[in-house]
Amino acid sequence: MAGESGLAVYLVGGPVRDALLGWPLLDLDFAVEGDAPGLARRVAERLAGGCSRDVRVTAHARFGTATVAFDSCAKDGGRIDLVTARRESYPRPGQLPRVTPGSIGDDLARRDFSINAMALPLTATGEGAEGGLLDPLGGLDDLRAGIVRVLHPRSFVDDPTRLLRAVRYEQRFGFRIDRATMSAMDGAVAKGCMDAVSGDRWRHELERILDEANPVAPLQRAAELGVLAGLHPSLGKHGAGLGRLAALACDGELEGEMVGPDECLAALFSPLSAVEGEGVIRRLRLSGRRAALSRDTIELRESEPQIRACAGKPSELARMLAGRELAAVSAWAALTADPVVAAALRRYAGELRLVKPELSGGALLDMGVTEGPLVGEILARLRDARLDGAVNSRDEETALARALLGRARAAPIPQGGGE
Ligand code: ATP
């Protein structure tokens with residue numbers, strides 16, 4: 001379609017690198033010498049006219065970028081990223097760049113690493129139209145040698161998020177960061193360049209690491225290079241959680257696939273105090289489930305003595321853990337060094353949290369319990385009794401409910417007591 005409009009278009013960056021490495025291609029990135037959002041809209045129209053459904057275009061005029069996402073009747077659907085080939089300048093380090101349209105050569109030169117700065121021409125117009133790989137910055141040699149190399153010494157000052165990107169690629173591909181790149185990284189960290197980058201951008205790059213097949217390795221590497229400490233000092237003070245995850249994965253105690261994003265995030269937060277944790281949550285602007293996971297992991301570590309004390313009392317354990325982010329419970333079970341706590345948390349996550357009385361609230365009303373808080377109180381006591389094995393059938397529950405009702409009529413049921 002670009003060819004029809006006389007636009008030069010290139011496959012660029014990640015897919016070129018991955019194709020050369022023989023890795024599977026997941027997303028396709030294209031650079032267009034011309035209006036990428038305009039081309040994206042035309043592509044979307046044609047896809048919508050074919051067998052693709054739910055075609056969506058998201059365009060960012062400021063950067064000349066667009067994404068076309070679609071569902072397809074033939075496959076699961078897909079996603080195409082198009083960027084207008086551009087030149088970038090960084091008026092203020094760490095802030096978003098100023099961009100102006102440029103050639104494919106300009107576009108490759110503004111990229112992060114040489115291995116991501118190669119392009120494959122796809123149209124009969126434009127540079128390299130005869131069909132060869134465009135590789136003006138030595139990406140292919142670096143790919144062959146297994147080297148992560150920035151394109152200029154100020155690269156990490158301009159955009160410190162590349163610090164996390166460098167360790168992500170190094171660890172994913174088993175490459176090494178070249179010496180000049182490493183000293184540029186050290187310099188950027190030492191100068192405090194990381195402070196200038198917004199929490200949202202850091203969180204985005206951190207999440208890309210958490211989504212890697214093996215997220216522990218790049219996180220450990222980032223810790224070793226002082227990049228985590230540069231993100232927030234508290235993340236640098238403690239590294240025990242990640243070390244434990246790595247050791248467990250090595251011992252084969254933890255299945256490789258279990259070391260996922262949640263375990264890693266929990267490992268980063270687990271050694272922190274609640275106050276430190278809030279500082280990191282604010283810095284990374286974590287919200288929702290991930291913020292809850294982080295807070296709950298810290299609380300679980302701090303409550304270990306209490307968890308240990310009620311490990312043999314299912315109802316107390318269930319009360320103590322109720323409402324906790326389940327991912328935090330599972331993650332701390334993997335991270336804790338205390339086998340009693342680990343077993344208690346696994347038992348709660350696997351079985352105890354699902355235990356419910358057979359009698360419903362409606363059944364209690366039929367037995368003559370008046371609508372109101374007493375219904376919930378009796379249900380909670382029935383659940384406790386189920387958990388502790390004090391009742392094991394509907395009949396036993398009914399007998400206990402009657403007893404509780406009788407007692408409540410005489411005097412209110414105290415909260416949380418055993419039967
Ligand atoms: P992945 O395999 O992780 O998806 P990718 O190479 O496709 O890797 P993206 O983050 O999707 O990476 O970015 C697409 C391309 O844009 C990269 O290959 C790189 O050339 C360029 N790029 C991304 N982020 C930066 C950055 N911070 N600085 C310079 N270039 C970047």
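Which residue in β2 does A8 stand opposite? The views below are taken from a predicted model, and the legend to View 1 gives the reply.

**View 1. Strands β1 and β2 pair in the antiparallel sense.** Strand β1 covers residues 8-12, and strand β2 covers residues 28-33. Four bridges join these two strands. In this pairing, A8 stands opposite E33 of β2.

**View 2. Strands β2 and β5 pair in the parallel sense.** Strand β5 is made of residues 78-84. Its pairing with β2 runs over five bridges. Here V32 stands opposite T84, a residue of β5. Strand β2 therefore appears in both of these views: it pairs with β1 in the antiparallel sense and with β5 in the parallel sense, where two strands count as paired if there are at least two bridges between them.

**View 3. The ligand sits in the largest pocket.** Around the ligand there are 16 residues. The closest of them are R17, D159, R168, R172 and R208. Sorted by type, the shell around the ligand holds 11 charged residues, four polar residues and one nonpolar residue.

**View 4. Helices α1 and α6 each supply at least two residues of the shell around the ligand.** Helix α1 spans residues 14-21, and helix α6 spans residues 161-173. The largest share of the shell comes from α6, which gives six residues.

**View 5. Side chains of R17, R165 and Y169 approach oxygen atoms of the ligand.** For R17, an N or O atom in the side chain is 2.8 Å from an oxygen atom of the ligand. For R165, the distance from a side-chain N or O atom to an oxygen atom of the ligand is 3.0 Å. For Y169, the corresponding distance is 3.1 Å. Each of these pairs is a polar contact, because a pair of N or O atoms within 3.5 Å counts as one. How much of the accessible area of the ligand does the protein cover? On its own the ligand has 590 Å² of accessible area, and the protein covers 78% of this.

**View 6. R285 lies in the loop between α14 and α15.** Helix α14 runs over residues 274-284, and helix α15 over residues 288-302. R285 is not a glycine, yet it has a positive phi of about 50°.

Key: Residues are numbered from 1 along each chain as its sequence is written. This is a predicted model: local features need pLDDT of at least 70, side-chain atom pairs count only at pLDDT 80 or more; totals for chains, interfaces and linings use all residues. Side-chain values use heavy atoms; hydrogens and water are left out. A residue is near a molecule or strand if one of its heavy atoms lies within 4 Å of it. A polar contact is a pair of N or O atoms within 3.5 Å; within protein, one must be able to donate a hydrogen and the other to accept it, and residues adjacent in sequence count only if both atoms are side-chain atoms. Accessible areas come from the Shrake-Rupley method with a 1.4 Å probe; for residues, only the protein chains shown count as cover. On a 1 Å grid over the protein atoms alone, a cavity is a set of points where a 1.4 Å probe fits but cannot get out, and a pocket is an open set with protein on both sides within 12 Å along at least five of seven lines; lining residues have an atom within 4 Å of a point. A molecule sits in a cavity or pocket if more than half of its atoms lie within 2 Å of its grid points. Ala, Val, Leu, Ile, Met, Phe, Trp, Tyr, Cys and Pro count as nonpolar, Asp, Glu, Lys and Arg as charged, and the others, Gly among them, as polar.
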